[in-house]
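I am opening a notebook on a structure that is new to me, and I will write down what I look up as I go. The entries follow the order in which I turned to each part.

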Amino acid sequence: MITKDEVKYIAKLARIGVSEKEVEKFTRDLSAVLDWVEELKKVDIEKISEISHIFGRENSLREDRVEKFAEAEKIIELFPEKKERYDKVKSIF
Amino acid sequence: MIKELHEKLLAGKITSEKLTQNYFSKIKKKDEKISAFLTLTEDLAMAQAKKTDEKIKKGEEIGILEGIPGAVKDVICMKGVRTTAASKILDNYIAPYDATVIQKLKASGAVFLGKTNCDEFAMGSSTEKSAYAITKNPADLQRVPGGSSGGSAAAVAGDEAVWALGSDTGGSIRQPASFCGVVGLKPTYGRVSRYGLLSMASSFDQIGPIAKNIEDAAIILSEIAGQDKRDATSARSAGKRYEKYLEGSIQGLKIGFIKEHFENLNKKVKNSMENVLKKYARLGAEIKEINLPHIRYSLPVYYIVMPCEVSSNLARFDGMKYGMRIFDQQDSDLEKINPEERKLREIYLDSRRYGLGEEVKKRIMLGTYALSSGYYEAYYLRAQKVRELIKRDFEKIFASSQKGVDLILAPTTPTPAFKIGEKNANPIEMYLEDIFTVTANVIGIPAISLPADPVDWEGKKLPVGFQLMGKWFNEEGILRAAYAYEKSS
């Protein structure tokens, strides 16, 4: 179970704007899922450590070398707002 | 199908340009009803086709996939092409780079017809959660094609593409393949590079082929497999030319099945699955009942860990660097914050509110909750421990063919394709669609879905698939057993 206040708090943490109506729906739906996954409490996990990777893997290392991305202009084109070649965002101070 | 087309190209019976044009005319005729495609890449495709034809004319050698048109799920980046993940938040996103699989397929000379529809950010089992269109099942337009790679499966099943790429996080290649009556393969985790795949849940995601037959799926896998320095989780092994290992007897192959998988099935589907087991017995395989005590927890494990990874992966869609930026909402809770910071906060809240769909938001919030302080141990950590137990069950059963099995056979879906709108009321009901497919993602093993006998269902004959799962990196084994079945059909 999850309360409406908790849903509002999570929405804030997740940076998702929600309406009152959505809060109600999410409260219902998230509660249903959380009740359903309760089943995992039946499993004895006392001596088990959590999975770290799905198969035994060695470190994947490579040379730390800079590769220049050829399409920088294409990335700049994707900025939602820009000033010259800068991504324009709201200031935080 | 790919091989035949390749031979026709070589013999000069068709040209790649003609073939590609044919597919575009089929798309134009059929896709109004099916809605498999979100974006068509006609100029790119025709240029690729032309290149192949010129090579053939000059007598140069061409690869097996060269000049053969296919479709790509819209969660895979293709340079210069709109890539939306079927989400409004990426409505205007033009990928500035190619995913590794696209680079590889370009090098193979494959032709790209366009980008296919899917559930938003690959979250769903019906393609109804796309922000753009609902794809219809070519076998019955009243029904869903499955999801999330529903556009890719419908394109192949509806003859709008020879082959397609999908992505599979909890069954998103295999379930639509089952619903549409085609072949879908989820490779071992790490077999195919994820670079350029829009991440959903990074410890589950894999790209794989959807095709008309086993050989075609094997060919596509051969083209896209291999280690990639841009994906640190890609496996070292280079992969193989899988299509060269399909022939051969499956005499003595040990195929396991889990009783519970079959017990609660609908009678007609059960009948179809039992016919599959009987056929394998006739082909010389040894059918063996097995017990995997923790497999029943796969789905709840998935529905905790996956949203956690989703909440983290989708944090990047915040209206800052690319995608939709919206700023129009007044939030009274933010009044106390200084006005500058408030503007920034509102961009986050509004861009995500209007840019993301309900299912996506739900999963982000579920993950945020499960990872939040005080809940992490109870949800995420516990689920990852149970995941380890599930993995151990499989390691044991695959450890020796003598005591265990070589492959595991299961249904792909509990039923054939359901009707559009049928499963929207109860969220859990849609999640249960993944019940047979999700385990392969939870522990990273390869799994393939291929058509079993179709079933008579509400007055129609509808396709339904079965699955073969194998040991980590044993794509060869599942493909060979799948091929033996297909050939005997």
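Before looking at how helices pack, I noted that an axis here is a line fitted to C-alpha atoms, for helices over the stretch in contact, and that angles run from 0 to 180 degrees between N-to-C directions. I also keep in mind that this is a predicted model.

**Entry: a helix of chain A against a helix of chain B**

I looked up helix α1 (residues 4-13) of chain A and found that it packs with α12(B) at an angle of about 100°, the two axes being 9 Å apart. Since angles of 65 to 115 degrees count as roughly perpendicular, α1(A) is therefore roughly perpendicular to α12(B). On the side of α1(A) I listed A:E6, A:V7, A:I10, A:A11 and A:L13, and on the side of α12(B) I listed B:M365, B:T368 and B:Y369. Sorted by kind, the residues of this contact are six nonpolar, one polar and one charged.

**Entry: α12(B) itself**

I then turned to α12(B), which covers residues 358-371 of chain B, and asked how far it reaches from its first C-alpha to its last. The reach is 20 Å for 14 residues, close to the 20 Å expected at 1.5 Å a residue. How many of its 14 residues are buried? I found 12 of them buried, and I noted the helix as mostly covered. The buried residues include B:V360, B:I364, B:M365, B:L366 and B:Y369, and also the charged B:E359, B:K361, B:K362 and B:R363.

**Entry: a second partner of α12(B)**

I next looked up helix α10 (residues 298-313) of chain B, whose axis comes within 7 Å of that of α12(B) and crosses it at roughly 100°. The two helices, α10(B) and α12(B), are therefore roughly perpendicular to each other. From α10(B) the contact takes in B:Y303, B:I304, B:M306, B:P307, B:C308, B:V310 and B:S311, while α12(B) contributes B:R363, B:I364, B:L366, B:G367, B:T368, B:A370 and B:L371. I recorded the contact of α10(B) with α12(B) as 10 nonpolar residues, three polar and one charged.

**Entry: the nonpolar core and B:F121**

Which residues have the most contacts inside the largest nonpolar core? They are B:F121, B:W163 and B:Y280, in a core of 172 residues. Apart from that core lies another, of five residues, with B:V144, B:F179, B:A417 and B:F418 among them.

I followed B:F121 further and placed it in the loop between β3 and α5 of chain B. Because its relative accessibility is 3%, B:F121 counts as buried. Leaving out residues up to four places away in sequence, its contacts include B:A85, B:L198, B:M200, B:F317 and, in α12(B), B:V360. Its phi is near 50°, a positive value in a residue other than glycine.

The loop between β3 and α5 of chain B also holds B:A122, whose phi is positive too, near 65°. At 7% relative accessibility, B:A122 counts as buried. In that loop, between β3 (111-116) and α5 (150-157), I also found B:S148, and the peptide bond that leads to it from B:G147 is cis, with omega near 10°.

**Entry: α16(B) and its cover**

I looked up helix α16 (residues 475-488) of chain B, whose end C-alpha atoms are 20 Å apart, which agrees with the 20 Å that its 14 residues should span at 1.5 Å a residue. Since 10 of the 14 residues of α16(B) are buried, the helix is largely enclosed by the rest of the structure. Among the elements of chain B that cover these buried residues I noted β5 (183-186), α7 (214-224) and α9 (267-282).

I checked α9(B) more carefully and found that it packs with α16(B) at an angle of about 95°, with the axes 11 Å apart. That angle makes α9(B) roughly perpendicular to α16(B). In this contact B:V276, B:K279 and B:Y280 of α9(B) meet B:A481, B:A482, B:Y485 and B:S488 of α16(B). I counted its residues as five nonpolar, one polar and one charged.

Methods: Residues are numbered from 1 along each chain as its sequence is written. Chains are lettered from A and ligands numbered from 1 in the order in which they are written. This is a predicted model: local features need pLDDT of at least 70, side-chain atom pairs count only at pLDDT 80 or more; totals for chains, interfaces and linings use all residues. Side-chain values use heavy atoms; hydrogens and water are left out. The expected span of a helix is 1.5 Å times one less than its number of residues. Buried means under 20% relative accessible area, exposed over 50%, partly exposed in between (1.4 Å probe, protein chains only). A nonpolar core is a set of buried Ala, Val, Leu, Ile, Met, Phe, Trp, Tyr and Cys residues joined through side-chain atoms within 4.5 Å. Contact means heavy atoms within 4.5 Å. Angles under 35 degrees count as roughly parallel, over 145 as roughly antiparallel, 65 to 115 as roughly perpendicular and the rest as oblique.
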